[in-house]
Amino acid sequence: MTMGSFEVAALSKQFPTGPPALEDVSFRYEGSGAIGYLGPNGAGKTTTLKLLVGLLRPSRGRAFVNGIDPMDRRKDALWDVGALIETPEPYPTLNVHEALDTVGRARGLSRDDVDREIDRCHELLDLPPLGRRIGWLSKGQRQRVSLAATLMGDPTVLLLDEPTSGLDPAERVLVRRLLTGLKRDHLILMSSHQMLEVTELCDRLIFLHQGRVLLQDRAERVAERIRPRTVDVEFEHPVAADPNAVLRGIAHETQVLSERRWRIGFDGSDETRVRLLSLCQQVGPVTQFANSTLVLEEAYLELIPKSPPSA
Amino acid sequence: MTDETATGSADPEVRRVARRHISDFEQWRIVTFHQLGHYLRTNRFYGLFGFATFVSALTLAFQLDAGVATVQLQQLYRSSEYLSNFLVYTGLWVVLAAALFGGDALSVDFSTGAGYYMLVLPIRRPVLLAGRYAAATLVTVAVVGVTYVFGAAGAAYFFGLRAVPWLLLFESLGVAVVFSLAALSVAFCVSSFIRTPAAGVLFTLVALYVAFTTLEQVVELAQIEPWFSLTYAGGAMAALLDTDFIHVQAIPVGEDQYYYIWSATVIEGLEIMAAYIAFFLPLSAVLYQRKESTG
């Protein structure tokens, strides 16, 4: 099987106005797996993906997919790449089959293989009826058709920009399962705001902020570096105690979520965590004591300042 | 930032589907049919085709109402004269079709999500452009063709099937196709630098119809042949069928003073059209190739 790869080398992008959208960004991945590309809005995630498929020209540096610069040899570079960027809109006048047929045939599939691929995608993504016009589909259905178009012909490299945006929770689960299966033998670069998605799916992470890479590492190594600073406590019975009084000097902030549930902010150390649990158990029997947010969400918040990118 | 290389544990598995590298020509055919399938279901096509059919049918209906003898007299007993007059609005249909199908043919990729569907495929942009150009030409010819069908039917009815100058009619249709290619080249060029589709359509319409016509009249006042104008060249479609065609009409306006009116000859018209295609189509390709998806 062909090994996929993508690389950006000292890549920068400056639009006519505003600060640089991307500044000296470098990374290279090959083989298989899922790489999460994280950052707030305007960080440069979509810009990077657009540069990788040649939708934008770099101001400096270069981008390569499967070793080929799309600015030099577009057709060869994108031959084994499926890209879902922004919100693709197939012509609304065409039906689902026609929209996918064009993509499959343009990627070199025979008519029979196109039909097989459409059937495969229909099954994988629970596509709407193939004869239905694109213009009549819901946003989520259109997104699934676009994702199917990305997967037509089974390209090795998948560049996905917020692949689950516009999908309902059930559709998100469907797509997450699909991508989890695909990452075994595909190389996926996925930008996302959905931390659950990233946590479940990605083996490696790249954190981007204001056009610069802040951190890139294995997901578990990032998780190790981050100490979650919020826990949710659930008691067996309703408690009347004031958490501020009980946890004075240890908790940074407390919140009563319900008669049986508290949320506690603390310094993140294991020592404090043990003390918090012990104090809570003195209030009443504890049935649950767990991080209130995902570890990667904590990492995201810690790495990326809340302030918006400077204008 | 340090480069990082990471190799995942790929499970070497046989690919499910076999893909063959296909030629640009095959991709051009795929894009053409894709685009044609779209155009043929748009309200623009229904509207323009319906309008051209309605106007042609209405013209024929009035002529039928007037009767064979009147029509023959009006058209100087010549079927070619009849056809020349019947097809006088062909240029307008071409301009309208070029604006509606070409005015946003490329800008649609940068102003809507259509580009994120097509431009991420392994297809060279000039191939995409060529496919869309071919599809736009086909629908334009379909719109123009309907007037030719009604014209031919009218000529056959009023003058007899044998009297219809079929060869000239097909030659005129051929000139109309070249005129369509030239008008679409201008429209594609407009859509390669104007971002908003509606503005592209409007700009093309204004450029091809209002601007050229106005400019033609202005230079004619200065007694210069408007050889640079595409709409002037479009006159060649009817000129081919006009048995009394005069390239330069000299109208006396005083003693030894004449006011000249020019009509493009077929060759001259074809040359002007070819020049427009040769200039605007490659320019569209260059602009389209360089355009970025910033939206």
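In which sense, right-handed or left-handed, do α5(B) and α9(B) cross? In this predicted model, the crossing of the two helices is right-handed. Helix α5 of chain B spans residues 90-102 and helix α9 of chain B spans residues 166-193; their axes come within 9 Å and cross at roughly 35°. On the α5(B) side, the contact is made by Thr90(B), Val94(B), Val95(B), Ala98(B), Ala99(B) and Gly102(B). The residues that α9(B) brings to this contact include Ala176(B), Phe179(B), Ala183(B), Phe188(B) and Ser191(B). By class, 10 of the residues in the contact are nonpolar and four are polar, while none is charged.

From this helix pair the description turns to the meeting of the two chains. Here 52 residues of chain A are in contact with 41 residues of chain B. Several elements of chain A each supply at least two residues to the side that touches chain B: the strands β2 (22-31) and β9 (212-218), and the helices α2 (74-78), α3 (96-106), α4 (111-125) and α5 (139-151). Of these, β2(A) gives the most, with eight residues. The residues on this side of chain A divide into 22 nonpolar, 11 polar and 19 charged.

Strand β9 of chain A, which supplies residues to that side, also belongs to an open sheet of six strands, arranged in the order β5-β6-β7-β3-β8-β9 with mixed pairing. β5 (81-84) and β9 of chain A stand at the edges with a single partner strand each, so one side of each has no neighbour in the sheet. From one strand to the next, the twist averages 15°.

At the β5(A) edge, the partner is β6 (residues 157-161) of chain A, and the two strands pair in the parallel sense over four bridges. Within this pairing, Leu84(A) stands opposite Leu160(A). Helix α5(A) packs on the sheet and touches β5 and β6 of chain A, its direction making about 165° with that of β5(A). Helix α1 (residues 45-52) of chain A lies across β3 (33-38), β5, β6, β7 (187-191) and β8 (204-209) of chain A, and runs at about 145° to β6(A).

A further strand pair in chain A remains to be described. Strand β10 (residues 230-235) and β13 of chain A pair in the antiparallel sense over five bridges, and Asp232(A) stands opposite Ala290(A) in β13(A). Why does β13(A) lie largely in the open? Of the six residues of this strand (residues 286-291), the number buried is zero, so β13(A) lies largely in the open.

Terms used. Residues numbered from 1 in each chain as written. Chains lettered and ligands numbered in written order. Predicted model: local features only at pLDDT ≥ 70, side-chain atom pairs only at ≥ 80, totals over all residues. Contact = placed C-beta atoms within 7 Å. Nonpolar A, V, L, I, M, F, W, Y, C, P; charged D, E, K, R; others polar. Axes fitted to C-alpha atoms, helices over the stretch in contact; angles between N-to-C directions. Left-handed = near helix turned anticlockwise from the far one by under 90°. Buried ≥ 20, exposed ≤ 12 C-beta atoms within 10 Å, placed from the backbone. Pairing = 2+ DSSP bridges.
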